[in-house]
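Here are my notes on the model, set out as numbered points. Please read them with the coordinates open.

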Amino acid sequence: MRKQQQWQILDLLQTIEEAQAAGLYADCQDGALGIIRYVESLEGEGTRTAALLAEYYELLFRADGGEIGAEALREHLRAISAGVRSELRPNKIEAVFLSYNASMADCLESVYLAAKSDPECEAVWLPIPYFERNNDGSLGTARYEGAESYGVSFACADWRGYDMKTRRPDAIFSFAPYDADNYVTAVHPDFYFERLRGRTDLLCYIPYFVCTGDVPEHFCTVAGCVYAHKVFVQSEKVRATYIRVFREAFGD
């Protein structure tokens, strides 16, 4: 189970608690059944969490008939929430790798293949569209290099069917750091670093270019550096330059 999935269950339990306080016991039962189905789809049958939810479903009948009070229901919900945190602890991560240009994908390839081979990680290779800029700076012709542009090592997902906001991957990797500031091409705005920042707990920028000596300073303050949680660089010397230039621009 991923952390995001655990959070979704806990959020649903909070909604059930609010419905319970309002006396909407039938809605609480529907919610409990929905969580049971969700947990079983992820973890299979036989979890303690599902058993507690089934007990809660029956307790709601008794509460509706006046046999037990609201406090007993609240205590049982607290036990369910505690069980979710202990039994359904996250044990898998989802990492998304964004590539808009297949010829540049080698800068992410080794990380993706390592993630793909890890049984505790679901690695998603997501080709994304990009645009050529018009002379006036507006977005021009749309381009998309889909699965046919990548080799058999890549299991490509469809960007139109991957809901970044809902799935909230644990990590996102990208090599397109310029957001709106690239005057030649631009990735689809949905995949700007500024927008991705709030859709994961670990946004990573891996530069495509290779430094010969040191990194040009203007590369150190692009949007990918500003919004990423981590930037992967080539050497300690290059790292020191990134830190110095970034501090000069933004402080500590």
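1. Aromatic cluster. Phe97, Tyr112, Trp125, Tyr150, Phe154, Phe173 and Phe232 are joined into a cluster by ring pairs. Across the whole structure there are 16 aromatic pairs. The model is a predicted one, and the points below should be read with that in mind.

2. Helix α5, buried side. Which residues of helix α5 are buried? In this helix, which spans residues 106–116, they are Cys107, Leu108, Tyr112 and Ala115. These residues lie on the same side of α5, because the arc they cover around the axis is only 90°. The buried residues of α5 pack against three strands: β1 (93–99), β2 (121–127) and β5 (171–174). Tyr112 therefore belongs both to the buried set of α5 and to the aromatic cluster.

3. Helix α5, Leu113. Leu113 is also a residue of helix α5. Leu113 counts as partly exposed because its relative accessibility is 33%, and the cut-off for buried is under 20%. From Leu113 to Ala123 the C-alpha distance is 8.3 Å, with their positions 10 residues apart in sequence.

4. Helix α1, Gln20. Is Gln20 buried or exposed? Gln20 sits in helix α1, residues 3–21, and is buried, with a relative accessible area of 6%. Beyond its neighbours within four places in sequence, Gln20 is in contact with Tyr25, Cys28, Tyr56, Ala70, Leu73, Arg74 and Leu77. Ala123, mentioned above for its distance to Leu113, is 39 Å from Gln20, C-alpha to C-alpha, and the two are 103 residues apart in sequence.

5. Strand β4, Arg143. Arg143 is placed in strand β4. With a relative accessible area of 36%, Arg143 is partly exposed. Its contacts, leaving aside neighbours within four places in sequence, are Pro129, Tyr130 and Glu132. The C-alpha atoms of Arg143 and Phe131 are 5.8 Å apart, for a sequence separation of 12 residues.

6. Strand β6, Thr185. Thr185 belongs to strand β6, residues 185–187. Thr185 counts as buried because its relative accessibility is 18%, while the limit for that class is under 20%. Which residues does Thr185 contact, leaving aside its neighbours within four places in sequence? They are Tyr130, Phe131, Glu132 and Arg133. Tyr130 and Glu132 thus appear in the contact list of Thr185 and also in that of Arg143.

7. Loop after β4, Ala147. Ala147 is in the loop that runs between β4 (139–143) and α6 (164–167). A relative accessible area of 45% makes Ala147 partly exposed. Between Ala147 and Thr212 the C-alpha distance is 32 Å, and the two are 65 residues apart in sequence.

8. Positive phi values. Two residues deserve a look here. Arg168, in the loop between α6 and β5, is not a glycine, yet its phi is positive, at about 40°. Asp179, in the loop between β5 and β6, has a positive phi near 50° and is likewise a residue other than glycine. Asp179 counts as buried, at 8% relative accessibility.

9. Cavity. How many cavities of 30 Å³ or more does a search of the whole structure find? The search finds one. The largest cavity holds about 30 Å³ of space. Its lining is made up of Lys3, Gln4, Trp7, Arg168, Pro169, Asp170 and Asp201. Sorted by class, the lining has four charged, two nonpolar and one polar residue. Arg168, noted above for its positive phi, is one of the lining residues.

How values were computed: Residues are numbered from 1 along each chain as its sequence is written. This is a predicted model: local features need pLDDT of at least 70, side-chain atom pairs count only at pLDDT 80 or more; totals for chains, interfaces and linings use all residues. Side-chain values use heavy atoms; hydrogens and water are left out. Buried means under 20% relative accessible area, exposed over 50%, partly exposed in between (1.4 Å probe, protein chains only). Helices (H or I, at least four residues) and strands (E, at least two) are DSSP runs, numbered from the N terminus. The arc is that of the directions from the helix axis to the C-beta atoms. Contact means heavy atoms within 4.5 Å. On a 1 Å grid over the protein atoms alone, a cavity is a set of points where a 1.4 Å probe fits but cannot get out, and a pocket is an open set with protein on both sides within 12 Å along at least five of seven lines; lining residues have an atom within 4 Å of a point. Grid points are joined across faces, edges and corners, and a volume is the space filled by probe spheres set on the points. Ala, Val, Leu, Ile, Met, Phe, Trp, Tyr, Cys and Pro count as nonpolar, Asp, Glu, Lys and Arg as charged, and the others, Gly among them, as polar. Rings of Phe, Tyr and Trp (its six-membered ring) pair if their centres lie within 6.5 Å; planes under 30 degrees apart count as stacked, over 60 as edge-to-face and the rest as tilted.
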